[in-house]
Amino acid sequence: MIPNIAESAVKLSRLAANELEYKQFMKRRHNRLLYYNAETDDLTKRWFAENLLKNVPIGNINITKRVIDRTSEVYMVEAKRFFDADPPTVRYNEHIPKKHERMQRIERMTNLLDVVAIHPFWNDKTKIIDHSILIEFQPWFDKYGDMIGIRYPLAQSTNTDSTDEQTFVEWDLNGWRIIDANGIQKQTESVTGPFPFVLAWTEQPQHFYNHNPTEDLAQGNLCINFYQTALNANVGYQSFGQPYVTGLQADQEIEWGIDKVPALPEGAAAGILSPPSTVSDVTKAQSQLYKHIARAYHLPEDFVEGSAQAESGVAIKLRNQELQNERVGDVARWKNVEAEVYAIERDILSRVGVSLPDTLMVDFSESVEFLSPQEQREQDDWNLSHNLITPVDIAMRNNPDLDEKQAEELITNNATSAGVIKKAENGRSTIVDDILGIDNG
């Protein structure tokens, strides 16, 4: 049979293009991780002469982590996961003790990198469900766009004397296998049940590799580090100046230093040049760039400089309204992710004898609002009058160490210690005062 050379050439070309896309995909991700982890010296120093950096520290201001952590609001407060009945809720939460911290990091890495893969798995040692966060991975999809396979590297030994070769895990719908760098299979196992990986996206593109995560944030961080390095150089040379000598012969040498008095030969002269100060201009440019970045990520300008005066919770909330509007869409997106992850968790737990309902309910708690004492009293008064909270809720908020029973006892003891439990009267300005026995007269 004569081989179809054209068909083979097309396949090889397609494979080469896919490999190039994957390399560019990982290059961008590694770059963003360097900025998030503040490992940026090598990224900044390429813009400066080597001789300058011998005398000047490289600027490293980690705005990337600050912006990403601040805008990752969905899991800033732990989500509540529950069912209609208490027993399955207790069983489920007993088996996911690390889920909050995992999901919090997953949200941050998703906002930084646009997409991460989540792998729920059963930890046989601790008897809990844990969640791997895959940063470096290569997915495969069917013609409908559903993920049907994934490849990712296994973590190598942390022993510095280890000579282990890099190995990879490949999953498909039927199970997994471990291969070495040459593609030779070392271990395999068949697995039934749902495909145990979920992709978490900020916004899913039509084609998987058609995205460039947080490019503006990384570029802005580069510029700020550049400015800071230039600022360090200006301050350094302003402080010590640039010494010079005239009238010195080529074969003549002098010693120069703060602990030495230079002896100049006859006819020679020495002095110190002081470069112009650019501190004000560079600082202003840094601040302006930081503000542009903050606006691009729906943050108020005071995120950069802070507020000069104490402000009310209402004012703070109004300034952060744009970010709160973004959170609404984020919550809807993460509810879908939670549902996909739970389908895998439920299957895993069923294999170890833990039965759970079909649907998990997730309540994403709002971020804590900081109100003035007066605002808090007014908010509590309104909530109490509309039966949205109880005095027990207030007591437990003020003292998180109290449980519901202890809070009830505290309120009763405080009220009866004055002789009688007070009741709210119509027309009183604050119900909280009535309940806690405070006399405004």
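## Getting oriented

Helices here are DSSP runs of H or I with at least four residues, strands are E runs of at least two, and both are numbered from the N terminus. Residues are counted from 1 along each chain as its sequence is written, and side-chain values rest on heavy atoms, with hydrogens and water left out. The model is predicted: local features need pLDDT of at least 70, side-chain atom pairs count only at pLDDT 80 or more, and totals for chains, interfaces and linings use all residues.

## Aromatic pairs

Let's start with the rings. The structure holds 19 aromatic pairs (Phe, Tyr or Trp rings, the last by its six-membered ring, with centres within 6.5 Å; planes under 30 degrees apart are stacked, over 60 edge-to-face, the rest tilted). In one of them, Y22 and F25 have ring centres 6.2 Å apart and planes at 35°, so this pair is tilted. The two residues are 3 apart in helix α1, which means about one helical turn separates them. Both Y22 and F25 are buried (under 20% relative accessible area; exposed is over 50%, partly exposed in between, with a 1.4 Å probe and protein chains only). F226 and Y227 make an edge-to-face pair, with 6.3 Å from centre to centre and 65° between the planes. F226 is partly exposed at 30% relative accessibility, and Y227 is partly exposed at 27%.

Y22 and F25 also belong to a wider group: ring pairs link them with F137, F141, W201, F208 and Y209 into a cluster.

## Charges over rings

Rings meet charges here too. The charged end of R66 sits over the ring of F303, 3.9 Å from its centre (the cut-offs are NZ of Lys or CZ of Arg within 6 Å of the ring centre and within 35 degrees of the ring normal). R151 lies over the face of F168, at 4.1 Å from the ring centre.

## Salt bridges

There are 17 salt bridges in the structure (a side-chain nitrogen of Lys or Arg within 4 Å of a carboxyl oxygen of Asp or Glu). One of them joins E345 and K99 at 3.0 Å, N to O. This pair links distant parts of the chain, with E345 in helix α11 (residues 321–350) and K99 in helix α6 (residues 99–113), 246 residues apart. Both partners, E345 and K99, are buried. They also take part in a network of salt bridges with R81 and E338.

Helix α11 also holds R333 and D330, 3 residues apart, about one turn of the helix. Their side chains meet in a salt bridge of 2.7 Å, N to O. R333 counts as buried because its relative accessibility is 19%, and D330 is buried at 18%. Another salt bridge, between D124 and K127, spans 3.1 Å, N to O; K127 is partly exposed at 44% relative accessibility.

## Loops with a positive phi

Most residues other than glycine have a negative phi. A38 has a positive phi of about 60° although it is not a glycine. A38 is found in the loop between α1 (5–36) and α2 (41–45), and is partly exposed with a relative accessible area of 27%. N387, also not a glycine, has a positive phi of about 55°. The place of N387 is the loop between α12 (373–385) and α13 (391–398), where N387 counts as exposed at 71% relative accessibility.
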